[in-house]
Amino acid sequence: MVEKDKILIIGGYGTVGSIVSRQLALRYPSKIIVGGRNKVKAQMLIEQNGLSAKAIYLDVEKERFKEVDFNEIHTAVSCRETMNISFILECLQFNINYTEVGASFKAHKRFFELSDYIDNADCLVIPSVGLVPGLSNIFALNGAKRFAEIDEIHTYVMLGLGESHGIDSVRWMLEKANSSFKIKTKDGSVSVKGYTHPKSTRLLNEQRERTFYLFDFSDHHTIPLLVDTKAIDTRIGFDSRTITYLFYLLQKIGFLKWSKNLGPKRFKKVLDFIRMGSKRFGLQIEINGRDSLGIQSSMKYLATGENEAIATATVTSYAAELMYLNKTQKGLKHIEEVCDFDELKGYLEKHNVKILNTSDYENDTVQPSGQPGTYGTTS
């Protein structure tokens with residue numbers, strides 16, 4: 001009888017996947033399977049890093065997976081986003097734990113459509129792990145416990161341009177930079193566009209404020225699933241303030257919309273050429289609310305480090321280990337429901353991701369330029 005003790009990493013040789021493969025293979029030698037559409041790349045990753053792992057061909061966009069022995073897989077981790085549900089259904093049929101790095105709410109929602117299948121399977125399914133959503137959701141839920149009522153939640157993502165971003169990440173960023181989407185405000189649902197509505201805040205580990213712009217990361221959709229808040233939004237910026245403002249200007253003149261014609265590979269070359277800035281990233285959550293007496297206060301969490309891909313991969317590895325060691329949890333759970341905050345913090349800090357937080361601080365944010373505290377559809 002085949003022992004069901006393997007961890008399958010889909011896209012395990014990509015920007016994030018290769019880090020997940022290395023982290024997990026070092027902790028669980030001979031238990032890791034690196035899968036993807038290029039088996040040669042998977043094998044190269046294994047040999048170059050001296051890993052005790054196996055490479056297989058696997059295309060999750062297909063309907064059949066000939067090289068996959070589902071009987072030996074305990075946990076599957078997808079490091080690439082796909083809308084195809086065939087592989088997930090196969091995992092559920094064999095009671096295989098499943099998680100994935102999913103950035104879009106569209107991908108997240110398909111798990112709700114599979115809820116009947118998940119309920120009937122004897123396994124744990126965790127959608128959308130990584131930084132945003134993922135760690136941002138954990139910060140939000142952990143911070144929300146300190147309040148009786150939540151007024152606002154704001155997420156600020158600072159990316160380092162000195163870091164080489166994967167093709168899939170660039171493709172996704174181009175798509176979202178030009179998209180229209182809705183956010184929850186105190187005045188109701190409002191339609192906005194990516195890279196608009198500037199707002200400034202100071203990251204906990206910095207002295208100067210930075211400007212960030214609205215962006216359709218899916219955590220502003222997923223956080224409200226477990227945290228009741230009157231308003232929520234997510235913004236993006238780069239470690240170079242100059243490039244952050246340049247992207248804002250490019251959006252205003254329509255260049256970002258035109259840049260889709262370049263394609264992700266060419267645009268990635270532009271980003272790699274710029275390399276203006278460091279590899280430093282920051283993810284900050286700000287929660288504003290009231291206690292049981294109606295007294296207003298705020299809470300901030302910050303995750304910071306030198307490589308956003310490492311941080312994303314480390315949260316993913318943590319989720320994979322959580323599932324691999326799990327004996328009791330099953331069904332569809334968000335990562336913030338099943339993780340131990342202090343344990344995750346220690347896990348991240350071992351990989352040089354620092355977690356900071358402060359409570360009851362003086363509100364040091366400033367309102368968006370133009371019309372303070374208001375939103376509108378941006379043409």
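Two strands are said to pair if DSSP finds at least two bridges between them, and in this predicted model that rule is the starting point for following the central sheet. Strand β4 (residues 73–78) and strand β5 pair in the parallel sense, and they do so over four bridges; within this pairing, Val77 has Thr99 of β5 as its bridge partner. On its other pairing with strand β6 (residues 124–126), β5 again runs in the parallel sense, here over two bridges, and Thr99 stands opposite Ile126 of β6.

These pairings belong to an open sheet of seven strands, which follow one another in the order β3-β2-β1-β4-β5-β6-β15 with parallel pairing. Because β3 (53–57) and β15 (331–332) stand at the edges and have a single partner strand each, one side of each is left without a neighbour in the sheet. Helix α1 (residues 17–27) packs on this sheet, where it touches β1 (6–10) and β2 (32–36), and its direction makes about 165° with that of β1.

Returning to β5 (residues 97–100), the reader can follow how its side chains are arranged: Asn97 and Thr99 point one way from the strand, whereas Tyr98 and Glu100 point the other way, and all of them are buried. Helix α3 (residues 86–93) lies across β1, β4, β5 and β6, and it runs at about 155° to β5.

The next step is from the sheet to the packing of helices. Two packed helices are described by the angle between their axes and the distance between the axes. Helix α1, already met on the sheet, packs with helix α12 (residues 308–325) at an angle of about 45°, the axes being 8 Å apart, and the two helices are therefore oblique to each other. Their crossing is right-handed. On the α1 side the residues that meet α12 are Ile19, Val20, Gln23, Leu24 and Arg27, while those of α12 include Ala309, Ile310, Ala313 and Glu321. Divided by class, this contact of α1 with α12 has seven nonpolar, four polar and two charged residues.

A second pair is formed by helix α6 (residues 131–144) and helix α14 (residues 341–349), which pack at an angle of about 140° with their axes 11 Å apart, and that angle makes α6 oblique to α14. The crossing of α6 and α14 is left-handed. Leu135, Ile138, Phe139 and Asn142 of α6 make the contact with Phe341, Leu344 and Leu348 of α14, and the residues of this contact divide into six nonpolar, one polar and no charged.

Technical notes. Residues are numbered from 1 along each chain as its sequence is written. This is a predicted model: local features need pLDDT of at least 70, side-chain atom pairs count only at pLDDT 80 or more; totals for chains, interfaces and linings use all residues. Side-chain values use heavy atoms; hydrogens and water are left out. Axes are lines fitted to C-alpha atoms, for helices over the stretch in contact, and angles run from 0 to 180 degrees between N-to-C directions. Angles under 35 degrees count as roughly parallel, over 145 as roughly antiparallel, 65 to 115 as roughly perpendicular and the rest as oblique. A crossing is left-handed if the near helix is turned anticlockwise from the far one by less than a right angle, and right-handed if clockwise. Contact means heavy atoms within 4.5 Å. Ala, Val, Leu, Ile, Met, Phe, Trp, Tyr, Cys and Pro count as nonpolar, Asp, Glu, Lys and Arg as charged, and the others, Gly among them, as polar. Buried means under 20% relative accessible area, exposed over 50%, partly exposed in between (1.4 Å probe, protein chains only).
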